[in-house]
Amino acid sequence: MKNFLQNKKSVLFLSLALLPSIATAAELNQANTAWILTSTALVLFMTLPGLSLFYAGLVRSKNALSVLMQCFAITCLISIMWLAGMYSLIFTDGGAIQSFLGGLSKAFVPDMGTASLTGDIPETVFFMFQMTFAIITPALIVGGFAERMKFSSMLTFSGLWALLVYVPVCHWVWGGGWLAELGVKDFAGGIVIHVTAGISALVTALVLGNRKGFPTTAMPPHNMPMVVTGAGMLWVGWFGFNAGSALAADGSAGMAMLVTHISASAGALTWMVIEWLRFGKPSVLGIVTGMVAGLGTITPASGFVGPAGALVIGVTSGIVCFYAVQIVKRRFKIDDSLDVFPVHGVGGVVGSILTGVFAAESMGGLGLGEVTMLYQVGVQALAVAVVAIWSALFSYLILKVLDKVMGLRVSEDEEVQGLDIILHEETGYHNL
Amino acid sequence: MKLITAIIKPFKQDDVREALSEIGIAGVTATEVKGFGRQKGHTELYRGAEYVVDFLPKVKLEIAVPAALVDQAIEAIVQSANTGKIGDGKIFVTALEQVIRIRTGETGEEAI
């Protein structure tokens, strides 16, 4: 039972309101099962094809396929790694080292059958649902090194990163590790997903260096309709991401969906208005980027805050992430090509910290239990800081080793020709 | 015979074709092109990154015209493609040595 409680992503399960449902948790709940099955499909839909199209549209036409390929291959690789041991290392009891890492008893899930339950849903469903989160996280990082990284190095990096960054961090927060014991609140992955991916994307951009020609050459998105299509899919899929993280078909899921939607809308409008005021016109890329910022920022808070908190978080995300993009790209001239750090990383940090504020009942949230707002914000900040440092350190180390062993970038000549033809011997577009 | 090459604003393409039809010119070849002239380019802004686009989209019309119709044709294009603003385009007139209709083998003005 203790183990099951720790496995739950939602600390809500510990709250008094839900105690009755825990009493019957040993039985299969078909309503919850149906919703998590649906959510699993929605979250995978965010990567394939949502994020893939979003990213592919943002790069130049000669690299469109390479980005689609990277997201696709990461999906397959992480799925197999998840079965082989990632799931076990995150969600089983690690014994003496449980605070830092789980065990290997569920590697290849030898005992998981159709009757196995996690809480009141089949373990197979829990396994699949959590897997889709592990897939999208390294796929997000693709935006940091897009248009210049070798495919072989990209795939090796993604696999090692999943093992050395995602597994421990996810265990600390959702697998009953030391951050969970401190009471950190991360409903759907502000820390586990957006901070890890955002920080790591920045590190990949710094280690690989800028794309040839950046920032003097124009590198506009090659297909804006594709970007908007992908962004729309992300928005829809995010309902599974956040509302599914309630691990139940209940009011908590409903509230998570509501606040997710409000934050996305507020972030989008805020970004649009800032551009309108600063540059004279509201841009399509601006409104969809603001939406993604709003979604990423509400993610850690989605099961803990109310609609008013979501509105504040959404508006804040639009403002902070907009200026973060300008600072990273324009001032520091760091080629985090598709702005993963300023949108996801900064959004994840801001959202994770604001969770400690707006989860409080006095701020319209669902309550902080026995701790004060100051304590909660402190725990959130500590978690963000430790996870950011861990992500940066291990991303850096993996990249440095791979650089020695296999090299990270394609040659300048190959970069000019484009990754599609060089690495995959295909092109996305033919002028027939 | 002359070959008239007119670079015009894309949205004027249909107006020009109609004006040419009215004076009895039945054949026009149109190509989407990009050009740079006094109009200069425009800027595009993506997440605050500004790109200057120097070459603007234009339509290039190529029209083979019998000597007797050249002045009328030029007049028709100038009238129909004119907006009064910078970037309306240009007309080039060059000598045309020969025209052959592939289907029948007719040559010269017969083939236009």
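Begin by selecting Ile4(B) and Ile63(B) in this predicted model, where Ile4(B) stands opposite Ile63(B), a residue of S5(B). The two strands around this pair, S1(B) and S5(B), are joined in the antiparallel sense over 7 bridges.

Keep strand S1 in view, which covers residues 2-8 of chain B, and turn to its partner S6(B), to which it is joined by 7 bridges, the two strands running antiparallel. A pair to pick out here is Lys2(B) with Ala95(B), since these two residues stand opposite each other, with Ala95(B) in S6(B).

Next, select S2(B) together with S5(B), which run antiparallel and are joined by 7 bridges. Two opposite pairs can be shown as sticks: Val33(B) faces Lys58(B) of S5(B), and Thr31(B) stands opposite Lys60(B), also in S5(B).

With these strands coloured, the whole sheet can be displayed, and what is its strand order? It is an open sheet of 4 strands in chain B, ordered S2-S5-S1-S6, and the pairing is antiparallel. Strand S2 (29-35) and strand S6 (89-95) of chain B are the edge strands, each of them pairing on one side only. Looking along the sheet, neighbouring strands are turned against each other by 20° on average, with direction ignored.

Stay for a moment with the edge strand S2(B), and ask how many of its 7 residues are buried. The number is 0, so S2(B) lies largely in the open.

Now add the helices of chain B to the display. Helix H1, made of residues 13-22 of chain B, lies across S1, S2 and strand S5 (56-65) of that chain, and runs at about 10° to S5(B). Helix H2, residues 70-81 of chain B, lies across S1, S5 and S6 of chain B, and its direction is at about 5° to S1(B).

Zoom out until chain B is seen as a whole, with its 2 helices and 6 strands. Followed along the sequence, these elements of chain B give the pattern β-α-β-β-β-β-α-β. The radius of gyration of chain B is 17 Å, well over the 13 Å that the globule rule gives for 112 residues, so chain B is more spread out than a compact globule. A box drawn along the principal axes around the C-alpha atoms of chain B would be roughly 60 × 30 × 20 Å. If you colour chain B by burial, 18% of its 112 residues count as buried. Among the contacts in chain B with a separation of 6 or more, 71% are made by residues that are 24 or more positions apart.

The next selection is the place where the two chains meet, where 7 residues of chain B are in contact with 13 residues of chain A. Which elements give two or more residues to the side of chain B that touches chain A? They are strand S3 (42-46) and strand S4 (49-53) of chain B, and S3(B) provides the largest share of that side, with 3 residues. Sorted by class, the side of chain B that touches chain A consists of 4 nonpolar, 1 polar and 2 charged residues.

Move over to chain A and select Ile74(A), which is placed in helix H4 (residues 64-91) of that chain. Is Ile74(A) buried or exposed? Ile74(A) has 29 C-beta neighbours inside 10 Å, and therefore counts as buried. Once its neighbours within four places in sequence are left aside, the residues in contact with Ile74(A) are Ile135(A), Pro138(A), Ala139(A) and Ser158(A). A distance label can also be drawn from Ile74(A) to Gly159(A), as these residues are 85 residues apart in sequence and 8.0 Å apart in space, C-alpha to C-alpha.

For a further stop in chain A, select Thr38(A), which lies in helix H3 (residues 30-58). Thr38(A) is partly exposed, with 15 other C-beta atoms within 10 Å. A label between the C-alpha atoms of Thr38(A) and Phe129(A) shows a separation of 9.3 Å, although the two residues are 91 residues apart along the chain.

End by colouring the model by confidence: the mean pLDDT of chain B is 93, and 100% of its residues reach 70 or more. For the complex, the predictor gives an ipTM of 0.73 and a pTM of 0.87.

How values were computed: Residues numbered from 1 in each chain as written. Chains lettered and ligands numbered in written order. Predicted model: local features only at pLDDT ≥ 70, side-chain atom pairs only at ≥ 80, totals over all residues. Pairing = 2+ DSSP bridges. Axes fitted to C-alpha atoms, helices over the stretch in contact; angles between N-to-C directions. Nonpolar A, V, L, I, M, F, W, Y, C, P; charged D, E, K, R; others polar. Rg over C-alpha atoms; globule rule 2.2 N^0.38 Å. Buried ≥ 20, exposed ≤ 12 C-beta atoms within 10 Å, placed from the backbone. pLDDT = per-residue confidence, 0-100.
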